[in-house]
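The following exercises are intended to be worked with the sequence and the model side by side. Each task is followed by a solution in steps.

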Amino acid sequence: MCYHNSIATRDCLAKRGIQVNPTCPCCFQADESVIHLLRDCPFSSACWQNLGSQYLGPHFFTQDLQSWLEDNCRKRSFSSILSVPWNTIFAFGIWTIWLYRNKVVFQNYAPTTPIHSEITHRAVEYFFCAQNAPLKIPRLERLVRWRRPYRSWFKLNTDGSAIGNPGTVGGGGILRDDSGIWVKGFARNIGTTTSFLAELWALRDGLIVSRPPNHCFRNRFGC
Ligand SMILES: [Zn+2]
């Protein structure tokens, strides 16, 4: 994204013809280009220094945007912050600076608040959560079978299927009594829609097919 200068900084917006003052909203000293926002703004450069000047390297503040991003995203050397790799801290650094810049613009935050401790907290939390995440989600196997309904009840099972989503869909179902005896069944071509709607159409068809004759209602309620 940055490689295409597509982050909506003020400088980028002005170059696209949008009527906006291109000056940096944090320092008001230069146009807000992507590299200014993320690195060269006094607010951002102080943040990087606070994160650990020993990890910045001699060209940190002179590289072009693409080289700067690539070099720091590849740098796996462990920082002094709980041995979290520098590229993790760097990624959270540019993300947090962008978030904070938006708070300055849209929520009137003061652009002087130090955020390096927030960056380290985010990076440390991510690093240790990702490190300890299980590689595989344990699978719980459960046998599924048809269960008969309560006595004198009926059970309707329906299903919809689709070739493509959206695509050609069909649906069908079966109505059984409390002994599992087939009572009614149906299936039809529904047309072209999504798999989710195919399920709903099949359920609708099933409810219509299962609707008892009027005299059943009368008998049930003793009328
Ligand atoms: Zn600035």
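Four donors count as tetrahedral if all angles lie between 85 and 135 degrees. The model examined here is predicted, and this criterion is needed in the first exercise.

**Exercise 1. The metal site**

Task: Determine which residues are the protein donors of the zinc ion, and classify the geometry of the site of the zinc ion.

Solution.
Step 1. The zinc ion has as its protein donors Cys-24 (SG), Cys-27 (SG), His-36 (NE2) and Cys-41 (SG), at 2.1 to 2.4 Å.
Step 2. The angles among the four donor atoms span 102 to 115 degrees. Tetrahedral geometry requires all angles to lie between 85 and 135 degrees, and the site is therefore tetrahedral. For comparison, the ideal angle for four tetrahedral donors is 109.5 degrees.
Step 3. Read along the chain, the donors show the spacing C-x2-C-x8-H-x4-C.
Step 4. Cys-24 belongs to the loop between helix H1 (10-15) and helix H2 (34-40), whereas His-36 is in helix H2; the two are 12 residues apart, and the pair links distant parts of the chain. Both Cys-24 and His-36 are buried.
Step 5. Phe-28 also lies in the loop between H1 and H2. Its phi is near 60 degrees, a positive value in a residue other than glycine. Phe-28 has a relative accessible area of 59%; the threshold for exposed is over 50%, so Phe-28 is exposed.

**Exercise 2. The sheet**

Task: Establish the order in which the three strands form the sheet, and explain why S1 and S3 are its edges.

Solution.
Step 1. The order is S1-S2-S3, in an open sheet with antiparallel pairing.
Step 2. Strand S1 (155-164) and strand S3 (182-193) each have a single partner strand, so one side of each lacks a neighbour in the sheet. From one strand to the next, the twist averages 15 degrees.
Step 3. S1 and S2 run antiparallel and are joined by 10 bridges. Within this pairing, Ile-163 has Thr-168 of S2 as its bridge partner.
Step 4. Strand S2 (residues 167-176) also pairs with S3 in the antiparallel sense, over 10 bridges. In this register, Gly-170 stands opposite Asn-189 in S3, and Gly-173 has Phe-186 of S3 as its bridge partner.
Step 5. Eight of the 10 residues of S2 are buried, so S2 is largely enclosed by the rest of the structure.
Step 6. Helix H7 (residues 195-210) lies across S1, S2 and S3, and runs at about 145 degrees to S3.

**Exercise 3. The connections**

Task: Describe how S1 is joined to S2, and state which residue takes a positive phi in the hairpin of S2 and S3.

Solution.
Step 1. S1 is joined to S2 by a hairpin of two residues. Pro-166 is located in this loop between S1 and S2, and the peptide bond from Asn-165 to Pro-166 is cis, with omega near 0 degrees.
Step 2. The hairpin of S2 and S3 has five residues between the strands, and Gly-180 there takes a positive phi near 85 degrees.
Step 3. In the loop between helix H6 (116-132) and S1 lies Ser-152. Its phi is near 70 degrees, a positive value in a residue other than glycine. Ser-152 is exposed, at 52% relative accessibility.

**Exercise 4. Two residue environments**

Task: Decide whether Asn-72 is buried or exposed, and identify which residues Phe-61 touches.

Solution.
Step 1. Asn-72 lies in helix H4 (residues 65-74). Its relative accessible area is 2%; buried means under 20%, so Asn-72 is buried.
Step 2. Apart from neighbours within four places in sequence, Asn-72 contacts Phe-60, Gln-63, Trp-86, Asn-87 and Phe-90.
Step 3. Phe-61 occupies the loop between helix H3 (42-52) and H4, and at 29% relative accessibility Phe-61 is partly exposed.
Step 4. Not counting residues up to four places away in sequence, Phe-61 touches Arg-39, Asp-40, Ser-45, Trp-48, Gln-49 and Leu-56. Phe-61 and Ser-45 are separated by 16 residues in sequence and by 8.3 Å from C-alpha to C-alpha.

**Exercise 5. The whole chain**

Task: State how many helices and strands the protein chain has, and what percentage of its residues is buried.

Solution.
Step 1. The protein chain has eight helices and three strands, in the succession α-α-α-α-α-α-β-β-β-α-α from the N terminus.
Step 2. Of the 223 residues, 35% are buried.

Conventions
Residues are numbered from 1 along each chain as its sequence is written. This is a predicted model: local features need pLDDT of at least 70, side-chain atom pairs count only at pLDDT 80 or more; totals for chains, interfaces and linings use all residues. Side-chain values use heavy atoms; hydrogens and water are left out. Two strands pair if DSSP finds at least two bridges between them. Helices (H or I, at least four residues) and strands (E, at least two) are DSSP runs, numbered from the N terminus. Axes are lines fitted to C-alpha atoms, for helices over the stretch in contact, and angles run from 0 to 180 degrees between N-to-C directions. Contact means heavy atoms within 4.5 Å. Donors are N, O and S atoms within 2.8 Å of the metal (3.2 Å for Na, K and Ca); water is not among the atoms, so sites may look incomplete. Four donors count as tetrahedral if all angles lie between 85 and 135 degrees; four count as square planar and six as octahedral if opposite donors are over 155 degrees apart and all others between 65 and 115; anything else is irregular. Buried means under 20% relative accessible area, exposed over 50%, partly exposed in between (1.4 Å probe, protein chains only).
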